[in-house]
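Here is a short report for a first look at this structure. Begin with one residue, then follow the cores and the sheet.

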Amino acid sequence: MYCDNATNFVGASRELRELQERFLASHKAVEEYAASCSVQFSFIPPRAPHFGGLWEAAVKQAKFLLLRAVGKVLLTQEEMVTMLAEVEAVLNSRPIAPLSPDPNDEEALTPGHLLVGAGLRSLPPGFDEEDSVNRLTFCKRWQMLCALKQRFWRAWSKDYILGLQDKGKWKQPQPNLEIGRLVVMHEDNLPPQEWLTGRVVSVAEGRDGKVRVAEIRTKRGICKRPIAKLAPLPID
């Protein structure tokens, strides 16, 4: 990397060099810590992306929905980078597991917690009329990006919740939804990166003993939903 000899560049180079030295010095300590926590790194073979089919399928789905959301809208380089950053934030906001074993905690662990130590936040949507994307003037380009993000969010969040629900053939009995389970609720018109999660506090069974309806405690209060609108997190 070539740059002039400005003091800020020289200082940045020194800080990067010091950071590299500290990282290399603590490399063994990091390995020992990971071993003590039973953390193991498993790498797929080189040039074998099909070994990572799980995340490759997620990438494929995100790219497909991104292309559908943008459609024929022409974006500048800066707008495309912004759109990709917004899509990244949406993907990393998905709930994957309970944040704590406390049954009174309705928060979920997200990839954002693993990246920055907290849940990812987003600005309030600046535009919500999806049909007007192509009618915006140049001075409202930011509103256009907000509308594109909203379009992507609606499609991807719906697909993600449906993916959490087991839709296999009912040839084998499935376990009932249990009290205390953390679930994601399918709600319409939620703003981007906002997932409605809650704990099951009671269930209603049919004559066959299968749970059909459950009451969920969320940050908005207790609400009743059919199990078709509930998706238990895959890790609990």
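## A buried glutamate

In this predicted model, E79 has a relative accessibility of 9%. The cut-off for buried is under 20%, so E79 counts as buried. The residue sits in helix α4.

What does E79 touch? Leaving out residues up to four places away in sequence, E79 is in contact with L74, R141, M144 and L145. There is also a link to the backbone: a polar atom of the E79 side chain lies 3.0 Å from the backbone nitrogen of T76.

## The largest nonpolar core

In soluble globular proteins, nonpolar side chains tend to be buried together. Here the largest nonpolar core has 23 residues. Within it, F152, W156 and W195 touch the most other members. Four elements each supply at least two residues of this core: α3 (53-70), α4 (77-91), α6 (141-164) and β3 (182-185). Helix α6 gives the largest share, 9 residues.

Take W195 as an example. Its contacts, not counting residues up to four places away in sequence, include W153, W156, Y160 and I161. W195 also touches V184, and S93, R94 and P95 are on its contact list too.

## A second core

Apart from the largest core lies another one. This core has 11 residues, among them L196, V200, A214 and L230.

## The sheet

Which order do the strands take? The open sheet has 5 strands, in the order β6-β5-β4-β3-β7. Their pairing is antiparallel. The edge strands are β6 (221-226) and β7 (230-232), and each pairs on one side only. Ignoring direction, neighbouring strands of this sheet are turned by 45° against each other on average.

Strand β3 pairs with β7 through 3 bridges. In that pairing, M185 is opposite L230 of β7. Strand β3 also pairs with β4 (residues 196-205), through 4 bridges. There, V184 has T197 of β4 as its bridge partner.

## The hairpin

Strands β4 and β5 (residues 211-218) are joined by 6 bridges, in the antiparallel sense. One facing pair is V203 and A214, the latter in β5. A214 is also among the residues of the 11-residue core.

How many residues separate β4 from β5 in their hairpin? There are 5 residues between them. In the turn, G209 has a positive phi of about 85°.

Methods
Residues numbered from 1 in each chain as written. Predicted model: local features only at pLDDT ≥ 70, side-chain atom pairs only at ≥ 80, totals over all residues. Heavy atoms only, no water. Core = buried A, V, L, I, M, F, W, Y, C linked by side-chain atoms within 4.5 Å. Buried < 20%, exposed > 50% of the residue type's maximum accessible area, 1.4 Å probe, protein only. Contact = heavy atoms within 4.5 Å. Pairing = 2+ DSSP bridges. Axes fitted to C-alpha atoms, helices over the stretch in contact; angles between N-to-C directions. Polar contact = N/O pair within 3.5 Å; in protein donor to acceptor, adjacent residues only side chain to side chain.
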